[in-house]
Amino acid sequence: MSNSKFIHLVDTTLRDGSHAVSHQFTAEQVAAIAAGLDAAGVEYIEVSHGDGLAGSSFNYGWSAVSEEELLKAASGAIKKGKLTVLLLPGIGTVDDLKMAADCGAKVVRVATHVTEADIGEQHIGIAKKMGMMAVGFLMMAHMVPPEKVVEQAKLFESYGADYINIADSAGAMLPEDVKARVGAVVEAVNVPVGFHAHNNLTLATANALAAVEAGATFLDGTCRGLGAGAGNAQTEALVGVLDKAGYQTGVDFYKIMDVAEDIVEPIMHRPQVVRNAPLMLGYAGVYSSFLLHTYRAAEKFNLDPRDILVELGRRRMVGGQEDMIVDVAYQLAQKRGGV
């Protein structure tokens with residue numbers, strides 16, 4: 001499979017990876033990882049709370065260090081790459097976006113549920129007025145058919161998005177699901193298309209490659225796969241796989257491997273393993289960032305986390321409904337006479 005096409009890599013270790021360390025990154029850790037990613041040639045380095053700008057809260061988990069401090073630490077360490085932030089309308093505000101830009105952020109990815117692109121119109125528009133690159137990021141794309149993903153991608157394009165990112169936030173897609181959605185969007189829009197994979201069914205790298213084969217030119221990854229649920233496609237693995245497949249990334253394979261092994265791995269709270277509960281996330285199609293919240297609720301109510309996840313999937317819970325996890329666990333425990 002020889003192909004000289006360039007694939008842009010977005011490393012989100014310092015954003016999606018925040019979920020896996022309970023949002024406890026320090027400024028020193030952020031600076032070290034950002035510097036390593038930059039030196040390896042990573043183009044886009046995303047730094048935010050796991051749930052985006054202003055995500056630090058009781059509902060989503062408190063950060064150890066303010067976002068402003070973390071963004072400044074990253075900005076000071078990045079020489080060539082672009083400091084990137086994630087913003088979920090309703091969590092992050094325009095003021096948060098302005099703060100991020102003041103701290104050196106050059107790119108904002110505006111993330112909405114796959115049926116709600118319209119709530120990102122204002123944020124895309126303001127980012128463009130501020131001279132930032134703006135991305136429309138459609139989460140939980142497995143929940144709707146390709147035609148609906150296309151409809152929402154076109155909305156983001158109409159608002160001025162520089163590219164559209166399709167996210168398998170639950171790690172629930174098979175490669176053919178990815179090809180169907182990414183391929184349909186590539187055909188329908190005139191801007192580039194990207195893909196964000198989660199590894200809950202152990203398919204993150206395969207799905208990322210499927211996205212590229214369907215025409216995606218932006219891919220998300222994290223070092224060591226650090227991220228919500230069973231984690232993300234591993235950035236260092238993506239670099240190797242894409243190189244073998246004949247694609248260009250501009251990232252030094254040895255250097256990105258060393259960042260993962262020497263800087264990221266030592267600060268991980270646990271190995272990024274596909275255990276039973278993360279596997280259930282992908283199977284049930286549940287938002288990956290629900291995992292640690294589910295573990296805590298299961299322990300509190302003496303439940304099997306898999307049972308909670310099945311019920312969350314049955315109710316089609318989406319990102320932003322983390323507070324419902326405890327309610328669901330309480331109701332399940334009541335049914336079993338445990339409360």
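A search of the whole structure, which is a predicted model, finds five aromatic pairs. In one of them, the rings of phenylalanine 156 and tyrosine 159 have centres 6.3 Å apart and planes at 85°, so the pair is classed as edge-to-face. Phenylalanine 156 and tyrosine 159 both belong to helix H6 (residues 146-159), where, being three residues apart, they are separated by about one helical turn. Both phenylalanine 156 and tyrosine 159 are buried. An edge-to-face arrangement is also found for tyrosine 287 and phenylalanine 290, because the planes of their rings stand at 80°, with the ring centres 5.7 Å apart. Tyrosine 287 is buried, as is phenylalanine 290. In addition, Tyr44, Tyr163 and Phe218 form one aromatic cluster.

Two members of this cluster lead to the strands of the structure, since Tyr44 and Phe218 carry numbers that fall within strand S2 (residues 44-47) and strand S8 (residues 218-221), respectively. Strand S1 (residues 8-14) has six of its seven residues buried, so this strand is largely enclosed by the rest of the structure. Strand S1 pairs with S8 in the parallel sense over four bridges, and within this pairing histidine 8 stands opposite phenylalanine 218 of S8. Strand S1 also pairs with S2, again in the parallel sense, through three bridges, and here aspartate 11 is placed opposite isoleucine 45 of S2.

Isoleucine 45 in turn stands opposite leucine 83 in S3, and the parallel strands S2 and S3 are joined by three bridges. Between these two strands the chain passes through helix H3 (residues 67-77), and the resulting β-α-β crossover is right-handed. Strand S3 (residues 82-87) is mostly covered, with five of its six residues buried. Strand S3 further pairs with strand S4 (residues 107-113) in the parallel sense, over four bridges, with leucine 86 standing opposite arginine 109 of S4. A right-handed β-α-β unit is likewise made by S3, helix H4 (residues 94-102) and S4.

The loop between S2 and H3 contains histidine 49, which is buried, with a relative accessible area of 2%. A polar atom of the histidine 49 side chain lies 2.8 Å from the backbone oxygen of glycine 61. When residues up to four places away in sequence are not counted, histidine 49 touches Arg15, Ser18, His23, Gly55, Ser56, Tyr60, Gly61, Ser63 and Glu67; glycine 61 is thus listed among the residues that histidine 49 touches.

In soluble globular proteins, nonpolar side chains tend to be buried together. In the present model, the largest nonpolar core has 83 residues, of which Val47, Leu71, Val108, Leu138, Ile166, Val182 and Leu219 touch the most other members. The surroundings of isoleucine 166 include Leu138 and Val182 and also Ala141, Val149, Val185, Val193, Gly194, Phe195 and His196, with residues up to four places away in sequence not counted. A second core, separate from the largest, has 33 residues and includes Leu86, Ala167, Tyr287 and Leu309. Leucine 86 of this second core is the residue that stands opposite arginine 109 in S4, and tyrosine 287, also in the second core, is the partner of phenylalanine 290 in the edge-to-face pair described above.

Further along the chain, helix H11 (residues 276-284) has Ala277, Pro278, Met280, Leu281 and Gly282 among its residues, and these five positions are buried. The buried residues of H11 pack against helices H12 and H13. Helix H11 is followed by glycine 285, for which phi is positive, near 75°.

The loop between helix H12 (291-301) and helix H13 (305-314) holds aspartate 304, which counts as partly exposed because its relative accessibility is 28%, a value in between the limits of 20% for buried and 50% for exposed residues. The side chain of aspartate 304 makes a polar contact of 2.8 Å with the side chain of arginine 306. Between aspartate 304 and tyrosine 283 there is a separation of 21 residues in sequence, and their C-alpha atoms are 16 Å apart in space.

Note on methods:
Residues numbered from 1 in each chain as written. Predicted model: local features only at pLDDT ≥ 70, side-chain atom pairs only at ≥ 80, totals over all residues. Heavy atoms only, no water. Buried < 20%, exposed > 50% of the residue type's maximum accessible area, 1.4 Å probe, protein only. Polar contact = N/O pair within 3.5 Å; in protein donor to acceptor, adjacent residues only side chain to side chain. Pairing = 2+ DSSP bridges. Right-handed = clockwise from strand over helix to strand, strands pointing away. Contact = heavy atoms within 4.5 Å. Phe/Tyr/Trp six-rings, centres within 6.5 Å; stacked < 30°, edge-to-face > 60°. Core = buried A, V, L, I, M, F, W, Y, C linked by side-chain atoms within 4.5 Å.
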